[in-house]
Amino acid sequence: MPVVELELPRLQKLVGKTNRKKLMETLPFLGLDIESQENDNIRVEYSPNRPDYSTDLGIALGLQGLLGTKKGIPKLKIKKIGDFQIKVDSSVSKVRPFVTCIVALNGKIDDQVLKQIIVMQEDLHFGIGRRRKKSSIGIHDLDSISFPLTYTTTTRNHKFIPLNSTKENTISEILKNTEVGKDYGNILGNFPKVPIIIDSLGNTVSFPPIINSSLTTVTTKTKNLFVEVTGIDKTDVEDMLSIVATILQSAGFELCTVKISGAKNSTPQFKQRKISLKSNLVNTMLGLNLPSSKIISALKKCRLDAIAKKTNIVCTIPRYRFDIFGEMDLVEEVALGYGIENLTPTLSPPQTHGEKNKELQVLNNLSHIMVGLGFMEALNSSLTSKKLLYDLTNRDHSNIISVIDSKSEEHKILRDSLVPGLINNLSNNIHEPYPQKLFEMGTIFSKGNPINEEIHLASVSAHNDSNFSELKSFLQSALKTGFNIECKTKTSSHPTFEKGSTAEIIVNDKTFGIIGKIDSKVQENFKIRVPVFGFEIKLTGLIFD
């Protein structure tokens, strides 16, 4: 998110009559997040869809509305003074076809204003300008320029003194040797000719979208400005200019029109838009019962204009608010103008009847039973590693299910058994006192289309007197107590369990799991020094469908 730095005393002065506490409380309701504060200086994040907040001047306009010092649209007052013209040559149509301009007179630029203008320019370049590709701004000292101007193209051998330099350079040298040329030169592609703005004396004013001429450098002594915006879309360049014009007028400049002609370019009009808003939509969405007059008042506090026409409200949108597309955007503006803090949250009436998940209820009951039998519940990740799941437990990995493009080797494989995770839990706690009795209920995965999922219960018991009969009695007690299920065991084998001490778990002549002593090699792999017995049983198909 872009950040703008504010000085509270200056912001208070720009807003008008308000105290600091109220100012700080109101900033978040403009959609500004206060990032940090140090004495009178604060840093706030603003949303990229509100580029008018890229300066303290734009933020002050918003605060004036919410605090009630000024309401309604800050209308642009553009005069026709002087003979400011720019002619567009058709040669730019294939490179950067559109330009729009404005003149700002009789302003006062101090260090703070200059800093805010520079920050605004760069933020607009990175935001709606898409790193200068869609549109870019040049701000110049008007008194250094001779009108009329020409927006045309030139060869890469053209020379001028670029901004912040005292040496004349060719276009090619600027693109190759300067930081700004390296960063943005790719926008111009391989065109042999590049766009340029020159004045009536042949002086270079700007090489868009790369750099201005040193001749037109803006300083604190500058009183009059010439602003040009170039780009690849007429609407985009006029949107960007509308923001700059609004900010400069707020800074005390008088705006004057620049006549633009040639190659499908024309003088900007800064036309306002009108959108019709239904009162009942506002009240339905916000849970209010506001009359039209209150809705209009709220809109004006957001620096919009509005009038009531029958059941609708016709809203007037200033050109710089191109973030507003339709009615729902206006509903949001009403909420801000009314005051988010004044809205009372209410829960929507339920459309369905909620109830506990039956499967989770069964698992909770089984969990309580296992805890009552002296076991502690573990919770391991469904994603694990090949080493843990197969290599350390002597298991075949031919049916491994691997996650594509995993960022971690430790969490790359979908588990197909719970026992390896429990053994690893024991390994991580070998310095803790025994006995250690753990259980886990969770989902395991197997290959299929789609992937098959089953719920299993697994348990391990680790202590010097641990034995097959002990663990079998725990298993039988859990199934009998919870589900009135009888189970038997039948001698079997399994790579993770020790030969001769392993059995299948059988219910109604069907095999549902495995029980036995963990193989000594597996225990050695996990550095476990006491006997470990464990079981794993499939609950899906046994107590779940």
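## Report on a predicted four-domain model

Thr100 is in contact with Val227, Glu228, Val229, Val237, Glu238, Leu241, Ile260 and Pro268, when residues up to four places away in sequence are not counted. This threonine belongs to strand E6, which covers residues 98-105. Because its relative accessibility is 1%, under the 20% limit, Thr100 counts as buried. One of the residues it touches is Ile260; the two C-alpha atoms lie 7.2 Å apart, although 160 residues separate Thr100 from Ile260 along the chain.

The structure described here is a predicted model. Its protein chain is divided into domain 1 (3-67), domain 2 (78-266), domain 3 (273-340) and domain 4 (358-538). Taken over C-alpha atoms, the centres of domain 2 and domain 4 are 70 Å apart.

**The five-stranded sheet**

Strand E6 takes part in an open sheet of five strands with mixed pairing, arranged in the order E4-E15-E6-E14-E7. Strand E4 (78-79) and E7 stand at its edges; each has a single partner strand, so one side of each is left without a neighbour in the sheet. E4 runs parallel to strand E15 (residues 254-257) and is joined to E15 by two bridges. Within this pair, Ile78 has Leu255 of E15 as its bridge partner.

At the other edge, strand E7 spans residues 135-141 and holds His140. Is His140 buried or exposed? With 0% relative accessibility, His140 counts as buried. Apart from neighbours within four places in sequence, His140 contacts Ile145, Val205, Ser206, Asn212, Thr216, Val218, Asn224, Leu225, Phe226 and Glu228. Glu228 is also among the residues that Thr100 touches. Helix H4 (residues 111-126) lies across E7 and strand E14 (225-231), and runs at about 160° to E7.

**Helix H1 and its surroundings**

Helix H1 comprises residues 8-15, and its buried residues are Leu8, Arg10, Leu11, Gln12 and Val15. These buried residues pack against strand E1 (3-7), helix H2 (20-26), strand E2 (33-38), strand E3 (41-45), helix H3 (56-67) and H4. Just after H1 comes Gly16, which adopts a positive phi of about 110°.

**A pair of crossing helices**

Helix H9 (residues 292-301) and helix H10 (residues 327-338) have axes that come within 7 Å and cross at roughly 85°. H9 and H10 are therefore roughly perpendicular to each other. On the H9 side, Ile295, Ala298, Leu299 and Lys301 take part in the contact, where they meet Leu330, Glu333, Val334, Gly337 and Tyr338 of H10. By class, the residues of this contact divide into six nonpolar, one polar and two charged.

**The seven-stranded sheet**

Another open sheet, also with mixed pairing, contains seven strands in the order E21-E24-E25-E29-E28-E27-E26. Its edge strands are E21 (376-377) and E26 (488-491), each of which pairs on one side only. Strand E28 (residues 510-518) is antiparallel to strand E29 (residues 532-538), and five bridges link the two. Gly513 has Ile537 of E29 as its bridge partner. Helix H14 (residues 468-483) lies across E24, E25, E26, E27, E28 and E29, running at about 30° to E29.

The angles given for helices are collected below.

| Helix | Partner element | Angle |
|---|---|---|
| H4 (residues 111-126) | E7 | about 160° |
| H9 (residues 292-301) | H10 (residues 327-338) | roughly 85° |
| H14 (residues 468-483) | E29 | about 30° |

How values were computed:
Residues numbered from 1 in each chain as written. Predicted model: local features only at pLDDT ≥ 70, side-chain atom pairs only at ≥ 80, totals over all residues. Heavy atoms only, no water. Domains from an automatic or database assignment. Pairing = 2+ DSSP bridges. Helix = DSSP H or I, 4+ residues; strand = E, 2+ residues; numbered from the N terminus. Contact = heavy atoms within 4.5 Å. Axes fitted to C-alpha atoms, helices over the stretch in contact; angles between N-to-C directions. Parallel < 35°, antiparallel > 145°, perpendicular 65-115°, else oblique. Nonpolar A, V, L, I, M, F, W, Y, C, P; charged D, E, K, R; others polar. Buried < 20%, exposed > 50% of the residue type's maximum accessible area, 1.4 Å probe, protein only.
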